[in-house]
Amino acid sequence: MIAFSFIKTDSYNRTMHHSTFEGDDLFGEAGSKTKAVSVNAMARSSTWTKAFDLNNEGITEHNYQAYTYDFTISNNTH
């Protein structure tokens, strides 16, 4: 039984898996358990800002803002 499990896992891991997730498939939880692989993005309440002075102009005010997301990737196979 262990050998069969190893062979099945090894076969799955050697396969190139490629999927595109967008819209409700990415930002919603509905249907996430119905696919072999699901991705869920959850926005955090935190953001951060930074000053980028790419042209050496002496910029000191923060001119870029970024948002933080948590991504959960689930392998729903059994």
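**Figure 1. Aromatic pairs in the predicted model.** The count of aromatic pairs comes to 2 in this structure, which is a predicted model. In one of them, the ring centres of F52 and Y64 are 4.9 Å apart and the ring planes stand at 90 degrees, so the pair is edge-to-face. F52 belongs to the loop between strand 1 and strand 2, whereas Y64 belongs to strand 2, so this pair ties together parts that are 12 residues apart in sequence. F52 has a relative accessibility of 31% and therefore counts as partly exposed. Y64 is also partly exposed, at 41%. The rings of Y69 and F71 form a tilted pair, because their centres lie 6.4 Å apart and their planes are at 45 degrees. Y69 is partly exposed, with a relative accessible area of 39%, while F71 counts as exposed at 53%.

**Figure 2. Nonpolar surface patch with W48, F52, L54 and Y64.** These four residues, W48, F52, L54 and Y64, make a nonpolar patch of about 430 Å² on the surface. Y64 is placed in strand 2, which covers residues 64-75. A relative accessibility of 41% makes Y64 partly exposed. F52, in the loop between strand 1 and strand 2, is partly exposed as well, with a value of 31%. Two members of the patch, F52 and Y64, are the partners of the edge-to-face pair.

**Figure 3. Backbone of N56 in the loop between strand 1 and strand 2.** Most residues other than glycine have a negative phi. N56 has a phi near 50 degrees, a positive value in a residue that is not glycine. The loop that holds N56 runs between strand 1 (37-50) and strand 2. N56 counts as exposed, its relative accessibility being 71%.

**Figure 4. Salt bridge between strand 1 and strand 2.** Side chains of opposite charge can pair when their charged atoms come close. Across the whole structure, 2 salt bridges are found. In the one shown here, the side chains of R44 and D70 meet with an N to O distance of 2.9 Å. R44 sits in strand 1 and D70 in strand 2, 26 residues apart, and the pair thus links distant parts of the chain. Both partners are partly exposed: R44 has a relative accessibility of 46%, and D70 has 34%.

**Figure 5. Salt bridge of D10 and R14 within helix 1.** D10 forms a salt bridge with R14, and the closest N and O atoms are 2.9 Å apart. The two residues, D10 and R14, both lie in helix 1 with a spacing of 4 residues, about one turn of the helix. D10 counts as partly exposed, because its relative accessibility is 28%. R14 counts as exposed, at 68%.

**Figure 6. Span and cover of helix 1.** Helix 1 takes in residues 2-14. At 1.5 Å a residue, its 13 residues should span 18 Å, and the end C-alpha atoms of helix 1 are 18 Å apart, which agrees. Helix 1 is hardly covered, since the count of buried residues among its 13 residues is 0. D10, one of the residues in this helix, is partly exposed at 28% relative accessibility.

Note on methods. Residues numbered from 1 in each chain as written. Predicted model: local features only at pLDDT ≥ 70, side-chain atom pairs only at ≥ 80, totals over all residues. Heavy atoms only, no water. Patch = residues over 30% accessible without salt bridge, like charges linked within 9 Å, V, L, I, M, F, W, Y side chains within 5 Å. Areas by Shrake-Rupley, 256 points an atom, 1.4 Å probe, with all protein chains shown as cover. Buried < 20%, exposed > 50% of the residue type's maximum accessible area, 1.4 Å probe, protein only. Expected span 1.5 Å × (residues − 1). Phe/Tyr/Trp six-rings, centres within 6.5 Å; stacked < 30°, edge-to-face > 60°.
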